Amino acid sequence: MPSTTMRFHIGADPVLKHNNRTKKIVKYESHIDPDGYHESWRDGTLEDKYAELFGGAIEEYNKGRRKDRRLTVARYMDKVAGDRRGRANRAASKTAGREVKGKHLAYEAIVGVGNTN
């Protein structure tokens with residue numbers, strides 16, 4: 001009798017090409033079932049998602065501020081990446097080959113559900 005299994009992974013430095021599971025990528029990755037069902041729920045660039053999630057807050061922040069102190073999405077992302085307050089991530093980034101001295105801009109969550117024999 002087959003049992004259902006579930007895998008869950010959370011990590012930093014998302015690799016969108018690998019995670020989107022296009023046929024072009026899947027054919028070179030032996031650990032991915034090319035005939036499997038792959039679904040992306042939310043897809044887009046990091047800048048677009050920051051604008052979607054934080055755009056309203058950035059607009060609210062900019063009200064009444066001098067022009068030289070107003071934020072854009074790109075400036076906000078730079079501020080997040082350079083933020084050393086709290087627990088900063090100092091581990092070397094494997095995908096980018098650099099040391100991260102501030103916060104990660106994004107994390108990925110990968111869920112795998114399937115059956116085993």
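**Exercise 1. Is asparagine 62 buried or exposed, and what is its relative accessible area?**

Solution. The structure is a predicted model, and the first step is to place the residue: asparagine 62 lies in helix α3. The second step is to take its relative accessible area, which is 14%. Since buried means under 20% relative accessible area, asparagine 62 is therefore buried. The third step is to look for its partners beyond the immediate neighbourhood: once neighbours within four places in sequence are left aside, asparagine 62 is in contact with Arg70 and Leu71.

**Exercise 2. Describe the overall architecture of the chain and the confidence of the prediction.**

Solution. Begin with the secondary structure, which comes to four helices and two strands, and which follows the pattern β-α-α-α-α-β when read along the sequence. Next consider burial: of the 117 residues in the protein chain, 18% are buried, while the chain exposes about 9800 Å², with carbon and sulfur atoms supplying 52% of that area. Then turn to the contacts between residues at least 6 apart in sequence, of which 50% join residues at least 24 apart.

The last step concerns confidence, for which the mean pLDDT of the chain is 78, with 83% of the residues reaching 70 or more. Among the elements, α3 has the highest mean pLDDT, 94, and helix α1 (residues 16-19) the lowest, 70. Over residues 92-96 the pLDDT stays under 50, and the model has seven contacts beyond four places in sequence for this segment.

**Exercise 3. Characterise helix α3: where does it bend, which of its residues are buried, and what follows it?**

Solution. Helix α3 spans residues 46-62, and the bend is found at phenylalanine 54, where it amounts to about 65 degrees. The buried residues of the helix are Tyr50, Gly55, Ile58 and Asn62, and what covers them includes α4. After the helix comes glycine 64, whose phi is positive, near 80 degrees.

A further step examines glutamate 47, which is placed in α3 and counts as partly exposed, at 46% relative accessibility. Not counting residues up to four places away in sequence, glutamate 47 touches Val73 and Met77. With methionine 77, the separation is 30 residues in sequence but 8.2 Å in space, taken from C-alpha to C-alpha.

**Exercise 4. How many salt bridges does a search of the whole structure find? Describe each of them.**

Solution. The search finds three, and they may be taken one at a time.

- Glutamate 52 pairs with lysine 49, the closest N and O atoms being 3.2 Å apart. Because these two residues are three apart in helix α3, they are separated by about one helical turn. The general rule behind this step is that an α-helix has 3.6 residues a turn, so residues three or four places apart point the same way. Glutamate 52 counts as partly exposed, at 46% relative accessibility, and lysine 49 also counts as partly exposed, at 22%.
- Glutamate 60 pairs with lysine 63, with 3.4 Å between the closest N and O atoms. Glutamate 60 is exposed, and so is lysine 63.
- Aspartate 68 pairs with arginine 66, with the closest N and O atoms 2.9 Å apart. Arginine 66 is partly exposed, having a relative accessible area of 49%.

**Exercise 5. Which residues form the nonpolar patch on the surface, and which elements supply them?**

Solution. The patch is formed by Met6, Phe8, Ile10, Tyr107, Val111 and Val113, which together have about 690 Å² of accessible area. To assign them to elements, note that β1 (3-12) and β2 (107-116) each supply at least two residues of the patch. As a check on one member, phenylalanine 8 is placed in strand β1, and its relative accessible area of 54% makes it exposed, since exposed means over 50%.

**Exercise 6. Where is aspartate 83 placed, and is it buried or exposed?**

Solution. Aspartate 83 is placed in the loop between α4 (73-82) and β2. Its relative accessibility is 19%, so aspartate 83 counts as buried, given that buried means under 20%. Leaving aside neighbours within four places in sequence, the contacts of aspartate 83 are with Gly102 and Lys103.

Conventions: Residues are numbered from 1 along each chain as its sequence is written. This is a predicted model: local features need pLDDT of at least 70, side-chain atom pairs count only at pLDDT 80 or more; totals for chains, interfaces and linings use all residues. Side-chain values use heavy atoms; hydrogens and water are left out. Patches are made of residues with over 30% relative accessible area and no salt bridge: like charges are joined within 9 Å, nonpolar side chains (Val, Leu, Ile, Met, Phe, Trp, Tyr) within 5 Å. Accessible areas come from the Shrake-Rupley method with a 1.4 Å probe; for residues, only the protein chains shown count as cover. A salt bridge is a side-chain nitrogen of Lys or Arg within 4 Å of a carboxyl oxygen of Asp or Glu. Buried means under 20% relative accessible area, exposed over 50%, partly exposed in between (1.4 Å probe, protein chains only). Contact means heavy atoms within 4.5 Å. pLDDT is the predictor's confidence in each residue, from 0 to 100. The bend at a residue is the angle between axes fitted to the seven residues ending there and the seven starting there.
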